[in-house]
Amino acid sequence: MASTGTDPARKQRADSLRNQTALLEAAAAAFIASGVNAPVRDIAARAGVGVGTIYRHFPTRADLIVAVYRHQVEACAEAGPVLLAQSATPHAALATWIHLFVDFLVTKHGLAEAMRSDDAAFQTLHAYFLDRLVPVCADLLAAASAAGEIVPDMNPLVLMQGIGNLCIGADNPAYDARLMVDVVIAGLRVH
């Protein structure tokens, strides 16, 4: 029997992965626009899939929220090494990554409230966030410090907590979290 060169199961897995990625990106956009309680039908429309597809991948809203959060944490974590390899300087990589981190933080409408709920699905998210992002920040800080571009011995967790605190008021249109974070980034530089 001659082989056609395509494995139907592999094609189905690839299609499923594409659908899941489209769902996560659509859900993230809906959460930014409307919070984590955005209607599932709106998310499905953004993703170009049926509502049943969402429930097949994510049986509960909590499952969807957790998946979106993890997907975005992974994107932020994966960006660090890429930025370090492609940026002109380690400080430039660090600055760009910090801005990605800020974007991640300021677009979490309703996530903090969801994480304070009794839903067990949210209990491990904070540890996951720290486990994935603190080492990336540490690597970026170490590279910039080794290059003599920033003050030495900056604690990555302290930096991330400080940036997180600066992002708390980001919902207020009169407050520019990114401007405040730029002041922190400039303050890291060795002058």
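1. Let's start with helix H5 of this predicted model. Its buried residues are His91, Ala93, Leu94, Ala95, Trp97, Ile98, Phe101, Val102, Phe104 and Val106. You can find H5 at residues 90–106.

2. What do these buried residues pack against? Their partners are helix H4 (61–86), helix H7 (125–146), H8 and H9. As for its length, H5 has 17 residues and reaches 24 Å from its first C-alpha to its last, close to the 24 Å expected at 1.5 Å a residue.

3. Now follow one of those partners, H9. In this helix, Ala177, Val181, Ile185 and Leu188 are buried. They lie on the same side of H9, because they cover an arc of only 75° around the axis. That buried set packs against H5 and against helix H8 (156–166). On the face turned away from the buried side, look for the exposed residues Val183 and Gly187.

4. Have a look at the N-terminal end of H9 too. Aspartate 176 caps it, with a side-chain oxygen 3.1 Å from the backbone nitrogen of arginine 178. The length of H9 also agrees with expectation: its 12 residues (177–188) should span 16 Å at 1.5 Å a residue, and the end C-alpha atoms are 17 Å apart.

5. Finally, step back to the whole chain. It has 9 helices and 0 strands, and its C-alpha trace spans about 65 × 50 × 30 Å along the principal axes. Of its 191 residues, 36% count as buried. Among contacts between residues at least 6 apart in sequence, 67% join residues at least 24 apart. The accessible surface comes to about 10,600 Å², and 57% of that belongs to carbon and sulfur atoms.

Key
Residues numbered from 1 in each chain as written. Predicted model: local features only at pLDDT ≥ 70, side-chain atom pairs only at ≥ 80, totals over all residues. Heavy atoms only, no water. Helix = DSSP H or I, 4+ residues; strand = E, 2+ residues; numbered from the N terminus. Expected span 1.5 Å × (residues − 1). Buried < 20%, exposed > 50% of the residue type's maximum accessible area, 1.4 Å probe, protein only. Arc of directions from axis to C-beta. Contact = heavy atoms within 4.5 Å. Polar contact = N/O pair within 3.5 Å; in protein donor to acceptor, adjacent residues only side chain to side chain. Areas by Shrake-Rupley, 256 points an atom, 1.4 Å probe, with all protein chains shown as cover.
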